[in-house]
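Trainee: Could you take me through the second largest cavity in this one, starting with what counts as a cavity?

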Amino acid sequence: MSKPNVPSLSWSDWKQVLHGFWPSKPTFKEDQYPSLEGKVVIVTGGNSGIGYQTAKSLAGSTKAKIYIFCRSKEKALEAIRKMQLELAQEYNVAEREINFIQCDLGDLESIKPAVEDFLSKESRLDIIIHNAGVMMPPPGSKTKQGFELQLGTNVLGTHLLQRLLDPIFIKTSQENKKGESRIVWVASTAHQLAPLGGFHWEDLNFETIKNFTSQTKGTLYGQSKAGNIIQARTWPLKHDAPNVISSSVCPGYLSTELQRYASWTEKLIYRYVLYDQRYGAYTELFAALSPDVQNRSHSISFGTPSHVRKDLEDEGANEKAWTYFDKVTDHYL
């Protein structure tokens, strides 16, 4: 079994990598966000990290109806309680309604019931921010259905969730102005570490690789983030929804719970190179709300238009990946 073939980076790719260490300051901030009155927004993983900050910023700066999708009811309700206190202190907003839907992206069987719960409460959906994910868990970590944890959670779980939400989302987009309906797929500059074309098709779970080095872990994580970029680029080609903007982002090099599996040396380095997670909300909400975002585009910290690795623009490679995503998730529709 061959090892993953990771392409060499171009100069522009390296510039993107370095930008994460010395990013531009956010220029699209709360005072420029639209009111979103009457709009419905979903933020997956909104109970912690960047998702929490994104949901809080939306709650404090707009009038959108917000839904947090996450795995743990206990953690979600505690996060909402904390968020309410911070909204009063930071935004002078009291008793803001923030809703919770229980959904485990690492268990494909849990996603349809979650969507059915959401549909029982809402008749529209304007913006979806696919923020939830995992990064570099212990080797061999898998989802309930046996997929490598990052592939199964970051890509396949997200793919199924979007498929199930597509009908209400597309219907709502037909009522909106062009560009008001958005899908934000949270990827990463780590997509630069992915195998050629995004995926190591000979061994998607990396089960035949015996020596799991830091480089191997990066490639496996990069594979999942390449999947998110492919989703952002391919969704518009598969759906007749001209009012929708689908784009991917790297929220930035941020200090979040995603680093919980890092070694102590990695955590020591992170202390000096990572930014506060609140900045990630600026990146995600730039993609979700800014009039400057283009369909099928990619943005990096903290609201800077950028590019994806060249081979991930190949429509043939994207089609192969999308077909696989659909095939896996068909059974759970």
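Mentor: Sure. On a 1 Å grid over the protein atoms alone, a cavity is a set of points where a 1.4 Å probe fits but cannot get out, and its lining residues have an atom within 4 Å of a point. Grid points are joined across faces, edges and corners, and the volume is the space filled by probe spheres set on those points. Keep in mind that this is a predicted model, where local features need pLDDT of at least 70 and side-chain atom pairs count only at pLDDT 80 or more, while totals for chains, interfaces and linings use all residues. Residues are numbered from 1 along each chain as its sequence is written, and side-chain values use heavy atoms, with hydrogens and water left out.

Now the cavity itself. The structure holds 2 cavities of 30 Å³ or more, and the second largest has a volume of about 40 Å³. Around it sit E30, Q53, K56, S57, Y91, R278, A281 and Y282. That lining splits into 3 nonpolar, 2 polar and 3 charged residues (Ala, Val, Leu, Ile, Met, Phe, Trp, Tyr, Cys and Pro count as nonpolar, Asp, Glu, Lys and Arg as charged, and the others, Gly among them, as polar). Two helices, α2 (49-61) and α8 (278-289), each supply at least two residues of the lining; helices here are DSSP runs of H or I, at least four residues, numbered from the N terminus.

Conventions. 1 Å grid on protein atoms, 1.4 Å probe; cavity = no way out; pocket = protein on both sides within 12 Å on 5 of 7 lines; lining within 4 Å.
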